[in-house]
Amino acid sequence: MRTSRIGIREKIGYGLGDTASNIVFQVVINFLLVFYTDVFGISAAAAGTLLLVVRIFDGITDPLVGGMADRTRSRWGRYRPYLLLMALPYAGLAVLAFTTPDLGENGKLVYAYITYTLLMTVYTAINIPYSALGGVITEDTTERASIQSYRFAMAMVGGALVSALTLPLVNLLGQGDKAFGYQMAMAVMAAIAALCFFICFWSTRERVAPEMATEPKGSIAKNFAADFFNLFRNSQWAVIAIATFFLLVLVAMRGAVTPFYVTYYFQSENLVSLFVTLPMLAGVAGAVSTNFLTKRFCKVRLFNWSMIGVILTHAVLLPLGRDQVYLALALAMAANFVHMIAIPLIFSMVPDTVDWFARKGHPKKMAMAYSGHLMALKLGLAFGGACAGWLLGYFDYVPNAEQSERTLDGIVLIYAAGPVVCTLITMAVFRYYRLTNTFLTTGAGEDEQSAAEATAAVNAASH
C-alpha cells in the first residue's frame, strides 16, 4: 500500500464538493416533504409515494453513470470533468424542483415527478464521479479516512447553511408568499452549490492511475451490467451497501419528520431551523473528530462505538414531555455528532473493499463501486422518506391543523424509535465486515469462512 500525504487545502477543496451536494441533499431531506404537503399542495401519502418511485428510478441510473465515469478518459482525469459539466444543470433543476406552477392537483403531481426525477438524475451524474474521486486522490487507507472526514465536515457545513438559511430566506424573499419564497431561496443556495463544485474541480487531482485493461467484447450496456453485478460477488462491499441502506433510512425518516416533530409535538415552529442547524453543526464536529480518532482506533471498532451512541441518544428522546424541547434539541445534537463519526468511516471503506476485491484478481472499478453504494444510499433515502409520508398518513396527520394525540405519538415514534430500529439492524449486518486496519495494512489474517459468512448474511438480508 503506497502512502502519500494530501494537503489540507486539497482536502478542503474536495470537501466543498459535498458542501455543494449537501445543499440540495439536506433541503430535500428536511424540507421537500413539508414543501410538497403544506406549500405545493399534494397529500402526504402522494408525496411519500413520489419520493419512493423517483428514488427507485434514480437507482437504475446509478450503475450507468458509474460505468461511464470509470471509462471516461480526459486531460482532467476520469471523474473531475463531471464536476465542471454538471454544476449548472444541477443548480437550475434544484430551483425548478422548488417552483410551484399554477396547475391543478394532477398537473402539480406530474410536474413534481418530472422535476424531482430530473434533479435526482443530475445529482447522480455529478455525485457518483465526485465520490469516486475520493478513492483516486490517494491509495493510503488512513489518508482516505482523513479525506472523507473533511468531506463530511464540509457536507455538514452545507447542511447547516441550508438549515439556517432556508426558512429565513423563504420568509425574507417571499414576503408572505411561501411558494415564491421557496423558489428564490433555492436559487440563492443553488448558485452557492455551483460555485463550490467549480472550486472542487480546480482544487483536486487524480493520483491513482486507471488500469489499462482491455474492454471485453460486447455492447457497452452489457459491460456496464457485468461490472454492476460483479459488485455483489464482493461480500465486503455488499455488507457496506446494506449498512448504508439502513443508515440512510434513519436519516430520511428523521429528517423528513423533524419539521412536524418541532412544529406540532413541541408547538415551536420558530425552532425548526434551530433543530436542523445545531445538529448539523454538531455533525461537523463529529466528522472532524473522525480525522483524529482514526489515527488511534480501528475504523471498524470506531464505527460500532458510534452506532451504540446513535441508539442511546435516540432512545432517550422517546419519553420526553412536550415541554422539554431544549433537552430534545441537545439530544438531537448529540445524536448527529455520533452519527457523523460513522458516515465518513463507511464512505472510506468503499475503496477498501475495492482494493480487497482486486487482490482476488478482479479489476478495480471505483466509480461502479460508489455508484452501487450510492444506489443503496438513495434507496435508503427513498424508503425512509416514503415511510415518513406513509406513517404520517397512517397516524392521521392533517396539514396546518391541530393534531390528535395519536398523531403526535406517531410523530415521536417516527423521529426517535425509527432510528433505533435502523441502527440495530445496521450493527447486526456489520458484524460480517472483516476489513480491519490490521488486515488492510498487512493483508494477513483473511478468513475465507468469514467471507462465506458475510455472503450468507448479505443473501439473508436481501431476502
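Student: Is serine 131 buried or exposed in this predicted model?
Tutor: Serine 131 lies in helix α4. Its relative accessible area is 0%, and the cut-off for a buried residue is under 20%. Serine 131 therefore counts as buried.

Student: Which residues does serine 131 touch, not counting residues up to four places away in sequence?
Tutor: The position concerned is in helix α4. With residues up to four places away in sequence set aside, the contacts of serine 131 are Tyr14, Arg151, Tyr370 and Leu374.

Student: How does leucine 118 count in terms of accessibility, and what is its value?
Tutor: Leucine 118 also belongs to helix α4, which spans residues 105-136. Buried means under 20% and exposed means over 50%. Leucine 118 is therefore partly exposed, its relative accessibility being 42%.

Student: What is the area of the nonpolar surface patch that includes Leu118?
Tutor: Leu118 forms this patch together with Val110 and Ile114. The area of the nonpolar patch is about 260 Å².

Student: Which helix gives the largest share of the largest nonpolar core?
Tutor: The core holds 155 residues, and those touching the most other members include Phe260, Tyr261, Phe303 and Phe430. Phenylalanine 303 has Leu247, Met349 and Phe430 among its contacts beyond four places in sequence. The largest share of the core, 22 residues, comes from residues 235-265, helix α8.

Student: Where is the pLDDT below 50?
Tutor: The chain has a mean pLDDT of 85, with 91% of its residues at 70 or more. One stretch has 15 contacts in the model beyond near neighbours in sequence, yet its pLDDT is below 50: residues 444-455.

Conventions: Residues numbered from 1 in each chain as written. Predicted model: local features only at pLDDT ≥ 70, side-chain atom pairs only at ≥ 80, totals over all residues. Heavy atoms only, no water. Patch = residues over 30% accessible without salt bridge, like charges linked within 9 Å, V, L, I, M, F, W, Y side chains within 5 Å. Areas by Shrake-Rupley, 256 points an atom, 1.4 Å probe, with all protein chains shown as cover. Salt bridge = Lys/Arg side-chain N within 4 Å of Asp/Glu carboxyl O. Helix = DSSP H or I, 4+ residues; strand = E, 2+ residues; numbered from the N terminus. Buried < 20%, exposed > 50% of the residue type's maximum accessible area, 1.4 Å probe, protein only. pLDDT = per-residue confidence, 0-100. Contact = heavy atoms within 4.5 Å. Core = buried A, V, L, I, M, F, W, Y, C linked by side-chain atoms within 4.5 Å.
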